[in-house]
Amino acid sequence: MLKNPDIFGQAVLDFYHQNQPEDIIVHADDFDDDEIPVEYLFRNYQEMPPLEQKTLQLAHGKILDVGCCAGSHSLYLQQQKKEVKAIDISEGAIEVSKLRGVKNAEVQDFFKLENERFDSILMLMNGSGIIGKLHHLTHFFSHAKKLLNPNGKILIDSSDLRYLFEEDEDGGIWVNPHQYYGELNYAISYKNKTSAKFDWLYIDFNSLQLAAESNGFSCELVQEGEHFDYLAVLKIS
């Protein structure tokens, strides 16, 4: 999805090697461009948002860090003497994770991971994004069941994008009736390279909870952030 070109990988490699890193630019069809400062991907525990700190506190047993990027979450978990495997589809990100000291890191697509089971699966930094579309949730839950140990859990954060839309007098919002309002289409740029467009899913908690319960999972709201974001715990019911 994001490997050609490897936007995040090149950005974190440049930052790690002090090779004139620049911000990553995020392009969305219906919104202004946004920026991701590369140094943010190298933050330590004290610099992380409360939702991420809470997630790391709740992670236990054998842990899978999905979309690890530069490995900041995995490094902290290692420092806490926890067993963690870090995966990302970015070759550059995995290279940097290893250079920073992540012991078990590999280039891997979450949806193609097989024959391993975990007690905690971390999906952070709007981790629901890799699901892509609302109708992919059934596939996501089906695959997740194969990766979880009994009593295992998924720690996932996302955001409710309804704040981007104007409310009417009754509190409703005007959205495209043919598309869930949390389904976005992005491209990302770094220096003179731009990725192909890809789908990214932000999901409100009620929709996540409904999908979870429809697919044999419980869904608990653990903590809410400062900007319509939240952390949820999913467990096989």
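A residue is taken as buried when its relative accessible area is under 20%, as exposed when that area is over 50%, and as partly exposed in between. In the structure considered here, which is a predicted model, K85 has a relative accessibility of 5% and therefore counts as buried. This lysine takes part in a network of salt bridges that links K62, K85, E106 and E116, and the structure as a whole holds seven salt bridges.

The members of this network can be described pair by pair. Side chains of opposite charge can pair when their charged atoms come close. The side chains of K85 and E116 meet in a salt bridge with an N to O distance of 2.3 Å; because K85 belongs to strand β4 and E116 to the loop between β5 and β6, this pair ties together parts of the chain that are 31 residues apart in sequence. A salt bridge also joins K85 to E106, with 3.3 Å from N to O, and since E106 lies in strand β5 while K85 lies in strand β4, the parts tied together in this case are 21 residues apart in sequence. E106 has a relative accessible area of 27% and is therefore partly exposed, whereas K85 is buried. The salt bridge between K62 and E116 has its closest N and O atoms 3.8 Å apart. This pair links distant parts of the chain, with K62 in strand β3 (residues 62-66) and E116 in the loop between β5 and β6 (118-123), 54 residues apart. K62, at 25% relative accessibility, counts as partly exposed.

E116 may also be set against N44, a residue of the loop between β2 (31-36) and α2 (50-58). The C-alpha atoms of N44 and E116 are 28 Å apart in space, and the two residues are separated by 72 residues in sequence. N44 is partly exposed, its relative accessible area being 37%.

Strands β4 and β5 also figure in the surroundings of helix α4, since the cover over the buried residues of this helix includes α1, β4 (83-88) and β5 (105-107). The buried residues in α4 are G92, A93, I94, V96 and S97. Helix α1 (residues 7-16) packs against helix α4 (residues 91-100) at an angle of about 30 degrees, with the two axes 7 Å apart, so that α1 is roughly parallel to α4. The contact involves G9, V12, L13 and Y16 on the α1 side, and G92, A93, E95, V96, L99 and R100 on the α4 side. After α4 comes G101, which has a positive phi near 115 degrees.

In strand β8, A187 has a relative accessibility of 8% and thus counts as buried. Apart from neighbours within four places in sequence, A187 is in contact with I25, V26, H27, T194, S195, A196, K197 and F198. A187 and D29 are 158 residues apart in sequence, while their C-alpha atoms are 9.0 Å apart in space.

At the surface, F31, Y163, L164 and F228 make a nonpolar patch of about 340 Å². Of these residues, L164 is found in the loop between β7 (148-159) and β8 (183-190), and its relative accessible area of 38% means that L164 is partly exposed.

Terms used. Residues numbered from 1 in each chain as written. Predicted model: local features only at pLDDT ≥ 70, side-chain atom pairs only at ≥ 80, totals over all residues. Heavy atoms only, no water. Patch = residues over 30% accessible without salt bridge, like charges linked within 9 Å, V, L, I, M, F, W, Y side chains within 5 Å. Areas by Shrake-Rupley, 256 points an atom, 1.4 Å probe, with all protein chains shown as cover. Salt bridge = Lys/Arg side-chain N within 4 Å of Asp/Glu carboxyl O. Helix = DSSP H or I, 4+ residues; strand = E, 2+ residues; numbered from the N terminus. Buried < 20%, exposed > 50% of the residue type's maximum accessible area, 1.4 Å probe, protein only. Axes fitted to C-alpha atoms, helices over the stretch in contact; angles between N-to-C directions. Parallel < 35°, antiparallel > 145°, perpendicular 65-115°, else oblique. Contact = heavy atoms within 4.5 Å.
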